[in-house]
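Reader: I'm new to this one. Could you take me on a close look at a single part of it and tell me what is going on there?

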Amino acid sequence: SRPRIGGRLESGHGGTQDAFKTISAFANSGGGWLVFGVAEDAGGYRVHGLADLDRFQGELLGACRSEEKLRRTPIVTPHLHEFDKGAVLVLHVAEADRTDKPVRVKVKGRWRAYVRVGAGDHRCTPEEEGRFARDASEERYDQSPCPGRTVDDLDTESLGWLRGLIEKRRPAQASPRSTDAQ
């Protein structure tokens, strides 16, 4: 059976610029695999190998660690596979920690962040950029104090609903001794 290329596995990059966009997208969207030295044709996938593996691997991995190409250093793990027709380089890109997102790549002199949507890399929308900024914050929005509010401002009906949900989904975490008024 032929491997599925797309989604979290990507092959056949036209150049390293596209590869860096995909690295950004994978790091910002759950991680993934890039495969170099394999091409897709009508019959499936074929190994064509990398012409100058050492140079290609060194430049690509070096650029991944360089702040001139990527704003944050993604965790990239190379795997080398030798075949009769040449070497194939497989890179695993791990998802970045929430405090390291977004991982940006320099494209035509500007820093851009990408996300993975289906089998494609897409520039982050302003809403996605905002979500990354909120998620990276040390203080989560749901842990922020509400100045001028007291426990009397809580809705006991909503608390009862939440307590029932917790008791149903996580009985060990439920606190049967507490009441909504407490």
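**A close look at Arg112 and its surroundings**

Author: Let's start with Arg112, which you'll find in strand β8, residues 110-117. Keep in mind that this is a predicted model. Arg112 is buried, yet it has no salt bridge. The nearest side chain of opposite charge belongs to Glu129, and that one is 7.7 Å away. So what does Arg112 touch, once you leave aside its neighbours within four places in sequence? The list is Ser24, Val103, Arg104, Val105, Val107 and Arg123.

Some of those names lead us on to other parts of the model. Ser24 falls within α1 (16-28), and Arg104, Val105 and Val107 fall within β7 (104-107). Both α1 and β7 supply at least two residues each to the largest nonpolar core, as do β2 (32-36), α2 (53-64) and β6 (86-93). That core has 25 residues, and Phe20, Leu34 and Phe36 have the most contacts inside it. The top contributor is α1, with 6 residues. As a rule, nonpolar side chains in soluble globular proteins tend to be buried together.

Now look at the loops on either side of β7. In the loop between β6 and β7 sits Pro102, and the peptide bond leading to it from Lys101 is cis, with omega near 0 degrees. The loop between β7 and β8 holds Lys108, which has a positive phi of about 50 degrees although it is not a glycine. Both are worth a second glance, because most residues other than glycine have a negative phi, and most peptide bonds are trans. Unlike buried Arg112, Lys108 is exposed, with a relative accessible area of 84%.

Technical notes. Residues numbered from 1 in each chain as written. Predicted model: local features only at pLDDT ≥ 70, side-chain atom pairs only at ≥ 80, totals over all residues. Heavy atoms only, no water. Core = buried A, V, L, I, M, F, W, Y, C linked by side-chain atoms within 4.5 Å. Buried < 20%, exposed > 50% of the residue type's maximum accessible area, 1.4 Å probe, protein only. Helix = DSSP H or I, 4+ residues; strand = E, 2+ residues; numbered from the N terminus. Lys, Arg positive; Asp, Glu negative; His and termini not counted. Salt bridge = Lys/Arg side-chain N within 4 Å of Asp/Glu carboxyl O. Contact = heavy atoms within 4.5 Å.
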